[in-house]
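This briefing is intended for a reader at the bench who wishes to go through one protein model by topic. Please keep the sequence and the structure in view while reading.

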Amino acid sequence: MTPPASEQILRDVRDDGTALDVVGIGNALVDVLSHEADDFVATHDLVKGAMTLIEPDRATQLYEAMGPGIEVSGGSAANTIAGVASFGGRAAYLGKVHDDQLGVVFAHDMRANGVVFRSPPAADGPPTGRCLIIVTPDAERTLNTYLGASAYFSPDDVDAELIELSRYTFLEGYLFDRPEAKAAYRTASEIAHGAGRKVALTLSDTFCVERHIDEWRPLVADQVDVLFANDAELRALYGIHLDHAVDRARDEVETTCVTLGPEGSLIVTSEGIVEVPPHPVDVVDTTGAGDLYAAGVLHGMAKGLPLAECGRLGSIAASAVIGHTGARPGQSLAQLA
């Protein structure tokens, strides 16, 4: 019997002595997306455009109030890794799910996308997490997340072999809350650097930055080789104007990728700044734009492409996801590129 594509990828890497391109670590969630009017946000006292952590009862209440929607496996870093695989990259993912139906769905979807996913499901504890996403007519997305099992990712869940085999280990800022997750990130970073690999981090959200700023500044300066942020997140990290924040990032990080919405993005290194134009698209839903931008850039960097080309791939991937509803591209990114 022919093994699934994701299993064959890992066998090939072991056999030919090459590498995986990217392994991601983050909150393993199932996304539930629904289009709603602006008054839905006000009625349910949601923080528009932000990611809010919610408890099980709140998750049940919002889910019942939402109209017809789409349910798919997700999570920020999982979206990025699925994007790398869509480009044709060799990708893996680490995340904690429960031994329940949503956990099975998540694992199947990731493997079906060609991603190596072998994290064992938890037999006890909270159920698999889910993210309730409200998309309003202005294409803004409001995320309400019950983290469930995903938040309990710990050093014991770090797969050293996958990290050592991967050119880049990609860390999701949203997961950086519980002490065990923080310890897992430090463990993963040490393993990656010990194997001569690179570590990438996405800041994820300004609220994440504000919660963890005292820990993130030394983490970014000491352990991160590639930083992803939008302009607001980077300003929040350094507490200064964007131009000065870019200068700080240039001093501390090997490569910093700053998304600027409809104005494109910047890729910053000690040698200069590459200005990346946006890829034209009619915006339907901004969910996953930053996740897929990171997928394009990381795929290009893993292949050794020039930074301008890495940025172009990021713009293509972001445009592919914001042109329709959902956090995953509706077509092959390899074909688009």
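The points below concern a sheet, the contacts made across it, and the empty spaces in the model. The structure is a predicted model. In outline, it holds an open sheet of 9 strands, 15 salt bridges and 1 cavity of 30 Å³ or more.

**The sheet**

- Strands of a sheet may pair in parallel or antiparallel fashion, through hydrogen bonds of the backbone.
- Here the 9 strands follow the order β6-β5-β1-β9-β10-β11-β12-β13-β14, and their pairing is mixed.
- The edges of the sheet are formed by β6 (115–117) and β14 (272–276), each of which pairs on one side only.
- On average, with direction ignored, neighbouring strands of this sheet are turned by 20° against each other.
- Strands β12 (residues 255–259) and β13 (residues 265–269) run antiparallel and are joined by 4 bridges.
- Within this part of the sheet, Cys257 is placed opposite Ile267 of β13.

**A helix across the sheet**

- Helix α4 (residues 76–86) lies across four named strands: β1 (20–25), β5 (91–94), β6 and β9 (166–172).
- Relative to β5, helix α4 runs at about 165°.

**Salt bridges**

- The count for the whole structure is 15 salt bridges.
- One of them joins the side chains of Arg167 and Asp21, with a distance of 3.0 Å from N to O.
- This pair links distant parts of the chain, as Arg167 belongs to strand β9 and Asp21 to strand β1, and the two are 146 residues apart.

**The cavity**

- Empty space is revealed by rolling a probe the size of a water molecule over the atoms.
- The largest cavity contains about 30 Å³ of space.
- Its lining consists of Asn27, Leu147, Ala151, Tyr174, Leu175, Asp177 and Arg178.
- By class, these lining residues comprise 4 nonpolar, 1 polar and 2 charged.

**The second largest pocket**

- About 200 Å³ of space is found in the second largest pocket.
- This pocket is lined by 13 residues, and those closest to its centre are Ile54, Glu55, Tyr146, Leu147 and Gly148.
- Strand β8 (residues 141–148) supplies the largest share of the lining, with 4 residues.
- The lining of this pocket divides into 8 nonpolar, 2 polar and 3 charged residues.
- Leu147 appears in both linings: it is among the residues that line the largest cavity, and it is one of those closest to the centre of the second largest pocket.

Technical notes
Residues numbered from 1 in each chain as written. Predicted model: local features only at pLDDT ≥ 70, side-chain atom pairs only at ≥ 80, totals over all residues. Heavy atoms only, no water. 1 Å grid on protein atoms, 1.4 Å probe; cavity = no way out; pocket = protein on both sides within 12 Å on 5 of 7 lines; lining within 4 Å. Points joined across faces, edges and corners; volume = space filled by probe spheres on them. Nonpolar A, V, L, I, M, F, W, Y, C, P; charged D, E, K, R; others polar. Pairing = 2+ DSSP bridges. Axes fitted to C-alpha atoms, helices over the stretch in contact; angles between N-to-C directions. Contact = heavy atoms within 4.5 Å. Salt bridge = Lys/Arg side-chain N within 4 Å of Asp/Glu carboxyl O.
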